[in-house]
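Let's take a walk through this fold together. Have the sequence and the model side by side as you read.

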Amino acid sequence: MTIVETIRFKLRAEVGDADFQDRNRTMEKEYLRERPGFLARSTARSAEGEYLVTVHWATPEDAEATIGAFFGAPETQSFLAAVDLETVQPGRYELIGT
């Protein structure tokens, strides 16, 4: 069963888009791609500056283990420092119709 996680958020005021994109790519490469069950990830930005990240996982357990370790992992700290954590809105869905 494939799990799709969504995360909506805005950046901290002092972080520019180009800076965030570098941090985002680095975190994905160094952290997410190394996690068991990681399948795919995409990042989108609205005209209002809100970001939407979708991550596909092989199982709910893979998703849960990764988010459980995410905030303490050294590889995620630069990414997290760019995000306005008060704006984070997570979601989790089971992929259907595949």
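Keep in mind that this is a predicted model. A good place to start is helix α2, residues 60-70, which lies across β1, β3 and β4 and runs at about 165 degrees to β4. The other helix to look at here is α1, residues 17-30: it lies across β1, β2, β3 and β4, and its direction is about 175 degrees from that of β2.

Now for the strands under those helices' contacts. There are four of them, making an open, antiparallel sheet in the order β2-β3-β1-β4. Because β2 (38-45) and β4 (83-94) sit at the edges with a single partner strand each, one side of each has no neighbour in the sheet. On average, neighbouring strands are turned by 15 degrees against each other, if you ignore direction.

Zoom in on one of the pairings: β1 (residues 3-11) runs antiparallel to β3 (residues 51-57), and seven bridges link the two. Within that pair, I3 faces W57 in β3.

Next, the empty space. The largest pocket holds about 380 Å³. Which residues come closest to its centre? Of the 22 that line this pocket, they are I7, I67, F70, F71 and F79. The lining draws at least two residues from each of β1, β3, α2, α3 (77-82) and β4, with β4 giving the largest share, six residues. So what is the chemical make-up of that lining? It divides into 16 nonpolar residues, three polar and three charged.

Key. Residues are numbered from 1 along each chain as its sequence is written. This is a predicted model: local features need pLDDT of at least 70, side-chain atom pairs count only at pLDDT 80 or more; totals for chains, interfaces and linings use all residues. Side-chain values use heavy atoms; hydrogens and water are left out. Two strands pair if DSSP finds at least two bridges between them. Helices (H or I, at least four residues) and strands (E, at least two) are DSSP runs, numbered from the N terminus. Axes are lines fitted to C-alpha atoms, for helices over the stretch in contact, and angles run from 0 to 180 degrees between N-to-C directions. Contact means heavy atoms within 4.5 Å. On a 1 Å grid over the protein atoms alone, a cavity is a set of points where a 1.4 Å probe fits but cannot get out, and a pocket is an open set with protein on both sides within 12 Å along at least five of seven lines; lining residues have an atom within 4 Å of a point. Grid points are joined across faces, edges and corners, and a volume is the space filled by probe spheres set on the points. Ala, Val, Leu, Ile, Met, Phe, Trp, Tyr, Cys and Pro count as nonpolar, Asp, Glu, Lys and Arg as charged, and the others, Gly among them, as polar.
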